[in-house]
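Student: I have a structure open and would like to talk through how its parts fit together. Could you take my questions one at a time?

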Amino acid sequence: MIAIQNYAEVEPAFFDGRDFGGSIDVVKEVLSDVRKRGDAALAEYGARFDLSAPAALEIPQSELKAAAERLRRENPALYDALCYSRDLALRFAKRQRDSFDDFEVELEPGLFTGQKTIPVDRAGVYVPAGRFPLVSTVVMTVTPAVAAGVGEIVLCTPPRVHPDDRAAAEKSGQGVPGKPFVGGKPYADEGIMAAAHLCGATAVFACGGAQAIGALAFGTQSVPRVDVIVGPGNKFVAEAKRLVYGTVGIDMVAGPTEVFIIADKTANPAWLAADLLAQAEHDVVAQPVMATDSPELAQAVAQEIERQLASLPTRATAQESIARCGRIILCDSLEQAAEVANRKAPEHLELAMADGAERDRIAALVHNYGSLFVGHGSAEVFGDYAAGLNHTLPTSGSARFTGGLSVRMFLKTVTTLRTAEGSSGAVASARASGILGDAEGLAGHARAARIRIEA
């Protein structure tokens, strides 16, 4: 049963970032090895940790296209859903791109300053393929890079045994956890390959884990070095991204997923329970939280969670998440619930409230979240899959200072200066720069400014 507690009982640690690290030494060794030995290190780690360690890493475009065509034939509903999700995400990301203006403005006579927004040359995307291969993550990571105008989009994902190699793998008892099939053709999860083709990835490599992050950051004989790396992963992938930041840009270091629901008495307990369980089934340390001013709703949701758990295929994970990390907080008012949400800064924030002035008032009060879902019908899972929004969002309180993955991650905003020689603006800037250079003891700076206005 999910815990129900009063606001006064909420412990301070609830608002702290959650750290599930402890892998830094291992990851440092992996990254150092990949930097030194390139493909040889990738092959060695693949043979130790993956289901397959192919002889080559890049999956041919023909394989990606075939996977997409096979998906269209065999599962047209999924194919259409992927295309719909891609199209919405691309439209939203393009609108984001349009919000970054290039401009030049004359601040003073003859002093022209400007801004240009330029895409990075090459982006790296990581797509995990553990218990649940995340085909939707391909959509969320590749499409904003496409919208930004990135020239090359390189995707890495854990390898799988190629269909041509399956008979040999089965005969030798390989291609299973702990016994990878070595030396076969490069391949990956078929849904991920299909999505990569549909979304526009320019190259896909059968390479996973921290070693894939190292390959993208440093480059190897096969994997090209990228400018930014985006995408989720386990704690080893997250730690690798943290360590390579500075060599490349990264979207964020994400932890376990979380949802925070502010609900009033008009909310449907069954819908609330379903939304909480949707987060809980991700991981045993996922954090499903609800805050309400209605004790009756709290009890109804707790009972509904138990009812829905009974038939949930992912019950084992969800039940442990609910027990370990879930809670319902009884607040004195919805304003207090908004205060809790702002302190928590959750990845996903739902306002399960009826349309009207009260909901608008609470929506105006909250400001720390990755994505906000307003109203009973705006399910958080829509944002996960097919509403245009990006589902790669800040966790563990980092929504206090950053937003989620967007087209902005793949863009550089650079500035320009142009002057009209001898103009009043250029002369004034030179004089002020000379004075400031003198004040800082940087005579060379002062001279470089004054030399332009001296007769």
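Student: How many bridges join β1 to strand β14?

Tutor: Happy to start there, keeping in mind that this is a predicted model. Strand β14 covers residues 327-330 and runs parallel to β1. One facing pair is Asn-6 opposite Leu-330 in β14. The number of bridges joining β1 to β14 is four.

Student: Which strands are the edge strands of the open sheet that holds β1 and β14?

Tutor: Six strands form this open sheet with parallel pairing, in the order β1-β14-β13-β12-β15-β16. On average, its neighbouring strands are turned by 20 degrees against each other, direction ignored. An edge strand pairs on one side only, and here the edges are β1 (3-6) and β16 (371-374).

Student: At what angle to β13 does helix α12 run?

Tutor: Helix α12 takes in residues 315-325. It lies across two strands, β13 (287-292) and β14. Its angle to β13 is about 55 degrees.

Student: Let's move to β9. Are the residues on its two faces buried or exposed?

Tutor: Strand β9 spans residues 203-206, with Ala-203 and Phe-205 on one side and Val-204 and Ala-206 on the other. Both faces are covered, and the state of these four residues is buried.

Student: Which strand runs parallel to β9, and which antiparallel?

Tutor: Two bridges join β3 (residues 58-59) to β9 in an antiparallel arrangement, with Ile-59 opposite Val-204. Four bridges join β7 (residues 152-157) to β9 in a parallel one, and there Val-154 stands opposite Ala-203. The parallel strand is therefore β7, and the antiparallel strand is β3.

Student: How many residues of helix α8 are buried?

Tutor: Helix α8 runs over residues 209-218 and is mostly covered. Its buried residues include Gln-211, Ile-213, Leu-216 and Phe-218. What covers them includes α1 (24-37), α2 (39-49), β6 (122-126), β7, β10 (228-230) and α9 (235-244). The count of buried residues in α8 is 10 of 10.

Student: Which residue follows α8, and what is its phi?

Tutor: The sign is the thing to look at here: phi is positive for the residue after the helix. That residue is Gly-219, with phi near 80 degrees.

Student: How are α3 and α7 oriented to each other?

Tutor: Helix α3 (residues 61-74) packs against α7 (residues 190-199) at about 105 degrees, with the axes 7 Å apart. Angles of 65 to 115 degrees count as roughly perpendicular, so α3 is to α7 roughly perpendicular.

Student: How do the residues of that contact divide by character?

Tutor: On the α3 side, the residues include Leu-64, Lys-65, Arg-70 and Leu-71. Among those they meet in α7 are Glu-190, Met-193, His-197 and Leu-198. The residues of the contact divide into seven nonpolar, one polar and three charged.

Student: How many aromatic pairs does the structure hold, and why is the pair of Phe-14 and Phe-15 edge-to-face?

Tutor: The structure holds two aromatic pairs. The rings of Phe-14 and Phe-15 have centres 5.1 Å apart and planes at 75 degrees. Planes over 60 degrees apart count as edge-to-face, so that is the name for the geometry of this pair: edge-to-face.

Student: And what is the pair formed by Tyr-45 and Phe-49?

Tutor: Tyr-45 and Phe-49 are four residues apart in helix α2, which separates them by about one helical turn. Tyr-45 counts as buried, at 3% relative accessibility. Their ring centres are 6.1 Å apart with 5 degrees between the planes, and the pair is stacked.

Notes
Residues are numbered from 1 along each chain as its sequence is written. This is a predicted model: local features need pLDDT of at least 70, side-chain atom pairs count only at pLDDT 80 or more; totals for chains, interfaces and linings use all residues. Side-chain values use heavy atoms; hydrogens and water are left out. Buried means under 20% relative accessible area, exposed over 50%, partly exposed in between (1.4 Å probe, protein chains only). Two strands pair if DSSP finds at least two bridges between them. Contact means heavy atoms within 4.5 Å. Axes are lines fitted to C-alpha atoms, for helices over the stretch in contact, and angles run from 0 to 180 degrees between N-to-C directions. Angles under 35 degrees count as roughly parallel, over 145 as roughly antiparallel, 65 to 115 as roughly perpendicular and the rest as oblique. Ala, Val, Leu, Ile, Met, Phe, Trp, Tyr, Cys and Pro count as nonpolar, Asp, Glu, Lys and Arg as charged, and the others, Gly among them, as polar. Rings of Phe, Tyr and Trp (its six-membered ring) pair if their centres lie within 6.5 Å; planes under 30 degrees apart count as stacked, over 60 as edge-to-face and the rest as tilted.
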